[in-house]
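Q: Could you take a close look at one helix pair in this model for me, and then tell me what else one of its partners is up to?

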Amino acid sequence: MYSLLLVDDERLELETLRDYIAWDELGFDRVYTARGGRDGYDKALRLKPDVMITDIHMPVMNGIELAKQLYADGCTTKVIFLTGYDEFEYAKAALQVEAVDYILKPFSFEKIRKAAERVRELLHKEELLKMSVRVYGKKLLCRVIDNDGETGREACRQFLDVCEWDKEEWFGLITTTAGLDDTVIEQVENSLSEVVYSIRGGG
């Protein structure tokens with residue numbers, strides 16, 4: 001199940017979006033609302049929703065600005081835009097911030113449901129990809145531990161390239177079992193300086 005943030009400066013539209021769609025049936029068990037772009041920005045940073053459906057035309061901070069600022073802050077929320085203006089420039093701006101979909105007002109609930117289903121499938125595929133990377137990484141780790149010399153070092157290089165997600169957890173184990181040379185250690189020295197110092201210092 002995923003989380004969803006609905007953003008609109010119009011209270012009636014916001015409540016309609018929240019209350020008239022069976023979000024739980026679409027895979028969203030947590031549905032939050034925000035009145036306007038600034039409120040949406042604050043809540044997105046705090047709640048880190050998987051998906052955000054936002055109006056484009058809002059005062060203070062519009063939907064495009066909201067999405068751009070969130071992405072600049074490293075937020076990975078998928079964005080669906082709502083707008084009442086059927087103009088190419090808005091569609092182009094939506095695409096520039098990697099929007100998943102762009103729905104014109106007045107919207108139908110069916111269009112909203114289809115967009116939600118598409119983004120849910122996208123999230124599911126990304127989860128499967130991450131899982132595959134982890135499985136592959138574990139296989140590489142076994143090769144690192146089971147082999148020494150050049151075979152072990154090559155497996156370690158591949159592991160460090162693929163498994164950004166938990167270098168901190170495994171780097172010490174790899175270093176003490178694979179007999180790494182300085183070249184491999186230097187690849188991660190900047191981000192793991194404390195770990196490298198500890199290992200080189202005999203800690």
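A: Let's start with handedness: H2 crosses H3 in a right-handed sense. Keep in mind that we're looking at a predicted model here. H2 covers residues 37–47 and H3 covers residues 63–72, and the two pack at an angle of about 25 degrees with 9 Å between their axes. Angles under 35 degrees count as roughly parallel, so that's the label H2 and H3 get relative to each other.

Who's actually touching whom? On the H2 side you've got Gly37, Gly40, Tyr41, Ala44 and Leu45, and they meet Leu66, Gln69 and Leu70 of H3. Sort the residues of that contact by class and you get five nonpolar, three polar and no charged.

Now for the pocket. H2 also turns up in the lining of the largest pocket, where H2 and helix H5 (109–146) are the elements that give two or more residues. H5 is the top contributor, with five residues. The pocket holds about 340 Å³ of space, and 17 residues line it. If you want to look around its centre, the nearest ones are Asp50, Thr76, Thr77, Leu123 and Lys130. As for the chemistry, the lining splits into seven nonpolar, three polar and seven charged residues, while the contact of H2 with H3 has no charged ones.

Terms used
Residues numbered from 1 in each chain as written. Predicted model: local features only at pLDDT ≥ 70, side-chain atom pairs only at ≥ 80, totals over all residues. Heavy atoms only, no water. Axes fitted to C-alpha atoms, helices over the stretch in contact; angles between N-to-C directions. Helix = DSSP H or I, 4+ residues; strand = E, 2+ residues; numbered from the N terminus. Parallel < 35°, antiparallel > 145°, perpendicular 65-115°, else oblique. Left-handed = near helix turned anticlockwise from the far one by under 90°. Contact = heavy atoms within 4.5 Å. Nonpolar A, V, L, I, M, F, W, Y, C, P; charged D, E, K, R; others polar. 1 Å grid on protein atoms, 1.4 Å probe; cavity = no way out; pocket = protein on both sides within 12 Å on 5 of 7 lines; lining within 4 Å. Points joined across faces, edges and corners; volume = space filled by probe spheres on them.
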